[in-house]
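Colleague: Thanks for sitting down with me! Could you bring up the model, so that we can go through it together?

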Amino acid sequence: MNLDFVKEGLIIRRWKFHLAVFMFCLLITIIFFVVRGFELRPHETINLFIVLFVQIELFLAIAFRIFRQIKTGTDRKEITRIMLIKFAVFMAICFLISLIVILISTIASAVIMRSDPYTGLITFFEKNFMMWMKQTVGGLMFGAAIFIFVQWQDALKREQKLREENLIFQNETLKSQVNPHFLFNSLNTISSLIRSKPETAEQFVMNLSSVYRYILENGQKDSVPLQSELDFITDYFDLHRIRGEEKIELIINTTEAARFSILPVSLQVLVENAIKHNKATRENPLIIEVTVEDKLIVIKNNLQKMATQIASTGIGLKNLAERLKLSTGKSLVIEETADYFIVKIPLS
């Protein structure tokens with residue numbers, strides 16, 4: 001069952017959605033009118049239609065607010081528990097709203113018919129309340145059961161998709177880091193530094209070891225502390241800085257890192273992307289800045305595009321954006337100006 005049409009109607013307020021609800025309520029009213037043997041008076045028929053239309057619109061709006069997307073990464077048992085709690089809250093709220101709507105309708109009908117509203121309310125509670133309650137609870141149970149089943153299945157599918165995407169990401173990340181070209185350059189750098197700068201060579205080996213250790217330890221996690229990710233890209237960047245000497249620069253300006261978590265290896269993707277696709281010289285160094293702004297980590301680099309772009313390894317912005325969307329439900333923000341390339345990752 002596809003709920004996209006309904007979601008678009010509630011979020012974007014498309015007229016087609018409301019027309020569909022209108023026609024459905026009209027059909028139910030006609031069926032009810034026929035079943036009753038055409039006994040309903042015109043004002044009762046109109047009142048039934050209005051009450052039905054208002055209630056369904058409100059119920060659907062409340063449903064999509066309560067049953068909003070569950071954070072991916074939650075296990076099946078937890079998804080079921082959350083859904084049951086949400087179901088109970090939904091039923092209670094809808095029952096209360098339905099009661100308010102029917103009471104307002106009863107009072108309005110009495111006013112239109114020029115009768116005593118108080119008498120109309122007494123009559124409702126004495127003669128019609130039990131029948132109304134059975135019909136309302138039955139309708140809510142039926143509709144909500146279908147709705148919650150679809151949402152539960154959707155949550156499980158998203159969880160499975162995330163696991164598959166994470167496996168692909170982990171495999172591609174390791175292949176990206178452990179590749180002959182990367183190792184060849186690193187070993188050449190170590191070889192040259194051992195003779196000329198043995199202390200720097202030792203630091204290079206330590207950084208290289210830290211990079212691989214971080215990927216192996218955190219590649220399968222959904223999130224890591226932001227400070228751990230910052231320490232990781234510092235080690236990763238130093239590998240490039242030592243080879244590039246003063247041609248590239250990394251500036252990290254974050255004072256609230258301890259408050260946040262982030263997808264593992266996400267910042268490395270952006271740092272690698274900046275280094276790969278921009279030229280750098282001592283006169284015009286590549287400068288990568290990392291800051292935190294309003295629960296977003298911002299990675300900005302000056303644009304100095306190469307005349308011939310290097311082929312991508314497959315772990316790019318699209319891969320990161322999809323993984324972020326699956327893990328958190330949030331979107332990657334990408335901005336490009338004449339002078340800068342900026343990417344913003346939502347933090348948790």
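Colleague: Which residues make the nonpolar surface patch of about 490 Å²?

Modeller: Happy to help, and please keep in mind that this is a predicted model. One member of the patch is Ile 30, which sits in helix 2 (residues 15–35). The patch of about 490 Å² is made by Leu 19, Phe 22, Met 23, Leu 26, Ile 30 and Val 34.

Colleague: Is Ile 30 buried, partly exposed or exposed?

Modeller: Buried would need under 20% relative accessible area, and exposed over 50%. Ile 30 has 47% relative accessibility, so this residue counts as partly exposed.

Colleague: Turning inward, which helix gives the most to the largest nonpolar core?

Modeller: That core has 44 residues, and Leu 226, Leu 267, Ile 288, Ile 297 and Ile 345 have the most contacts inside it. With eight residues, the top contributor is helix 8 (residues 226–244).

Colleague: How many residues are in the second, separate core?

Modeller: Its members include Val 51, Cys 94, Ile 102 and Phe 129. The size of this second core is 17 residues.

Colleague: Which side chains meet in a salt bridge?

Modeller: Side chains of opposite charge can pair when their charged atoms come close. The structure holds one salt bridge, and its N to O distance is 3.5 Å. The partners are Glu 335 and Lys 344.

Colleague: Is Lys 344 buried or exposed?

Modeller: Its partner Glu 335 counts as partly exposed because its relative accessibility is 33%. Lys 344 has a relative accessible area of 19%, and the cut-off is under 20%. Lys 344 is therefore buried.

Conventions: Residues numbered from 1 in each chain as written. Predicted model: local features only at pLDDT ≥ 70, side-chain atom pairs only at ≥ 80, totals over all residues. Heavy atoms only, no water. Core = buried A, V, L, I, M, F, W, Y, C linked by side-chain atoms within 4.5 Å. Buried < 20%, exposed > 50% of the residue type's maximum accessible area, 1.4 Å probe, protein only. Helix = DSSP H or I, 4+ residues; strand = E, 2+ residues; numbered from the N terminus. Patch = residues over 30% accessible without salt bridge, like charges linked within 9 Å, V, L, I, M, F, W, Y side chains within 5 Å. Areas by Shrake-Rupley, 256 points an atom, 1.4 Å probe, with all protein chains shown as cover. Salt bridge = Lys/Arg side-chain N within 4 Å of Asp/Glu carboxyl O.
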